[in-house]
There are 2 protein chains.
Amino acid sequence: MPDDPLSTTRTIEFWFDFGSNYSYLSTMRIEALADARNVRIVWRPFLLGPVFRQLGFDNSPFVLQKEKGAYVWKDMERQCRKYGLALTRPSTFPRAALLAMRVALAGAQEPWIGGYCRKIMQLNFAEDRDIGSPEVVGEALDTLGLPTQRIIDAALADANKLRLREQTESAINKGIFGAPTFFVGGEMFWGNDRLEDALDYCETLPARA
Amino acid sequence: MPDDPLSTTRTIEFWFDFGSNYSYLSTMRIEALADARNVRIVWRPFLLGPVFRQLGFDNSPFVLQKEKGAYVWKDMERQCRKYGLALTRPSTFPRAALLAMRVALAGAQEPWIGGYCRKIMQLNFAEDRDIGSPEVVGEALDTLGLPTQRIIDAALADANKLRLREQTESAINKGIFGAPTFFVGGEMFWGNDRLEDALDYCETLPARA
């Protein structure tokens, strides 16, 4: 497959929010897995908060349901150990990270998007840094050697802010109810546990030019 | 491992409800997987309805949240295809199956428990039969060549009815919020997606005599 140029046109849409703990697992894993299969990732940052509110929840289910919340962090410890990822339970959860999300949207088609998303996730879930603060977002971009100010300006442009609202609306319209969510062809896959299944499904589809 | 007689004392507790669709997947898979690792299964039927009510839900989240409900049956189709399991979406969901659950509790330590549970699950999720009806439960036991009347009598004994309520209370006290749930040592694993992880964790524990 990697030798077939057409196969590079197989795509997986990755819908995620930097505040979402299971999105952390997928963000750290997806690029290596997709590259190995020659699948292109379409990065789709969206705001999970408005999606939850639309469903009638005023917070993450992991906060609203204390039993599930207690479990989720045990599960995260085990999953991170399994994947070889660091984990420090964020002192604020879920962390709103509006600027970080706007940067992700502005950079979604840039070659640095994967590295940027991993960096932000790592700051939130491994280092317990406040990814909601502009300083931390700037630091992440600096660390990656990117033109920080130019990227922040693009992220803060009205058109980009509007696009993030629209992308979030689009998530709701597609039936997304949590993150991460993957789309391959018309098929929806929910949760980090389905990342491999979604990529397997990619490979069953004809590659398109 | 299979040659070590002590290793047979490693155990996994399997908490399930016949109405739960993801419990279907685990029920069909667990015995073969556990046998291959020489792990003993402790079958723990419990009533998911009272657990949901305790958490403030008056039905399955797959019914209460229509987006998640729509997704779950697509996911079930794909999961069943992956595991080679038949699936017919039950015309009533979730199906209450009190007698079937009482039989599972009465027979939890019998050699036929695995076959019985698979049979009931198959009737519900592959054949869309009403496993809430005594006739269907009787038919399942008959098919397995078991002493149906004696088993039903034991299931309907007051002490057994009480034990099912107590086991359900115990599920709540253990922090169970869904099914299937597995316990290995003190560790809780939630969902069919964690069955392999739970069994892997078994193998990290010292076998006890």
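Helices here are DSSP runs of H or I at least four residues long, strands are runs of E at least two long, and both are numbered from the N terminus. That's all you need to follow names such as α9 or β3. One more thing before we zoom in: this is a predicted model.

**View 1. Two cis peptide bonds turn up in chain B, and the second one leads to B:Pro180.**
Start with the loop between α9 (158-173) and β3 (181-184) of chain B, where you'll find B:Pro180. The bond that joins B:Ala179 to B:Pro180 is cis, and its omega is near 0°. Now hop back along the chain to B:Phe93 and B:Pro94, which are linked by a cis peptide bond with omega at about -10°. B:Pro94 sits in the loop that runs between α4 (66-83) and α5 of chain B.

**View 2. Here is where chain A meets chain B, with 19 residues from chain A and 19 residues from chain B making the contact.**
How big is an interface? A common way to put it is the accessible area lost when the parts come together. For chain A and chain B, the buried area comes to about 2,100 Å², and carbon and sulfur atoms account for 51% of it. On the chain A side, look for A:Tyr71, A:Arg78 and A:Arg194: they lose the most area to chain B, together 27% of what that side buries.

**View 3. Plenty of charged and polar pairs bridge the two chains: 14 residue pairs are in polar contact between chain A and chain B.**
Which parts of chain A supply at least two residues each to the side that touches chain B? Look for α4 (66-83) and β4 (187-190) of chain A. α4(A) gives the most, with 7 residues. Sort the residues on this side of chain A by type and you get 7 nonpolar, 3 polar and 9 charged.

**View 4. Salt bridges cross from chain to chain, and the rule finds 8 of them at the interface of chain A and chain B.**
Side chains of opposite charge can pair when their charged atoms come close. A:Arg194 and B:Asp75 show this with a salt bridge between their side chains, at 2.7 Å from N to O. Swap the chain letters and look at B:Arg194 with A:Asp75: this is a salt bridge whose closest N and O atoms are 2.7 Å apart. The pair runs between chains, from B:Arg194 in the loop between β4 and α10 (195-204) of chain B to A:Asp75 in helix α4 of chain A. Over the whole structure, counting all chains, the search turns up 28 salt bridges.

**View 5. Chain A holds an open sheet of 4 strands, in the order β2-β1-β3-β4, with mixed pairing.**
Its edge strands are β2 and β4 of chain A, each of which pairs on one side only. On average, neighbouring strands of the sheet are turned by 20° against each other, direction ignored. Strand β1 (residues 11-16) of chain A pairs with β2(A) in the parallel sense over 6 bridges. Want one rung to look at? A:Ile12 has A:Ile41 in β2(A) as its bridge partner. Packed on the sheet is α1(A), which touches β1, β2 and β3 (181-184) of chain A and points at about 165° to the direction of β1(A). Helix α9 (residues 158-173) of chain A lies across β1 and β2 of chain A, at about 105° to β2(A).

**View 6. Chain B holds an open sheet of 4 strands in the order β2-β1-β3-β4, and its pairing is mixed.**
Why do β2 (40-45) and β4 (187-190) of chain B each have one side without a neighbour in the sheet? They stand at the edges, so each has a single partner strand. The twist from one strand to the next averages 20°. Strand β1 (residues 11-16) of chain B runs parallel to β2(B), and the two pair over 6 bridges. Follow β1(B) along β2(B) and you'll find B:Trp15 opposite B:Arg44.

**View 7. Two helices of chain B, α5 (residues 98-106) and α7 (residues 134-143), have axes that come within 8 Å.**
Those axes cross at roughly 35°. From α5(B), the contact is made by B:Leu99, B:Ala100 and B:Val103, and from α7(B) by B:Pro134, B:Val137 and B:Leu141. What kinds of residues are they? The contact of α5(B) with α7(B) has 6 nonpolar, no polar and no charged residues.

**View 8. A:Asn38 has a positive phi, near 60°, although this residue is not a glycine.**
A:Asn38 lies in the loop between α1 (21-36) and β2 (40-45) of chain A. In chain B, phi of B:Asn38 is near 60°, again positive in a residue other than glycine. B:Asn38 is in the loop between α1 (21-36) and β2 of chain B.

Notes
Residues numbered from 1 in each chain as written. Chains lettered and ligands numbered in written order. Predicted model: local features only at pLDDT ≥ 70, side-chain atom pairs only at ≥ 80, totals over all residues. Heavy atoms only, no water. Contact = heavy atoms within 4.5 Å. Buried area = accessible area lost by both parts, 1.4 Å probe. Salt bridge = Lys/Arg side-chain N within 4 Å of Asp/Glu carboxyl O. Polar contact = N/O pair within 3.5 Å; in protein donor to acceptor, adjacent residues only side chain to side chain. Nonpolar A, V, L, I, M, F, W, Y, C, P; charged D, E, K, R; others polar. Pairing = 2+ DSSP bridges. Axes fitted to C-alpha atoms, helices over the stretch in contact; angles between N-to-C directions.
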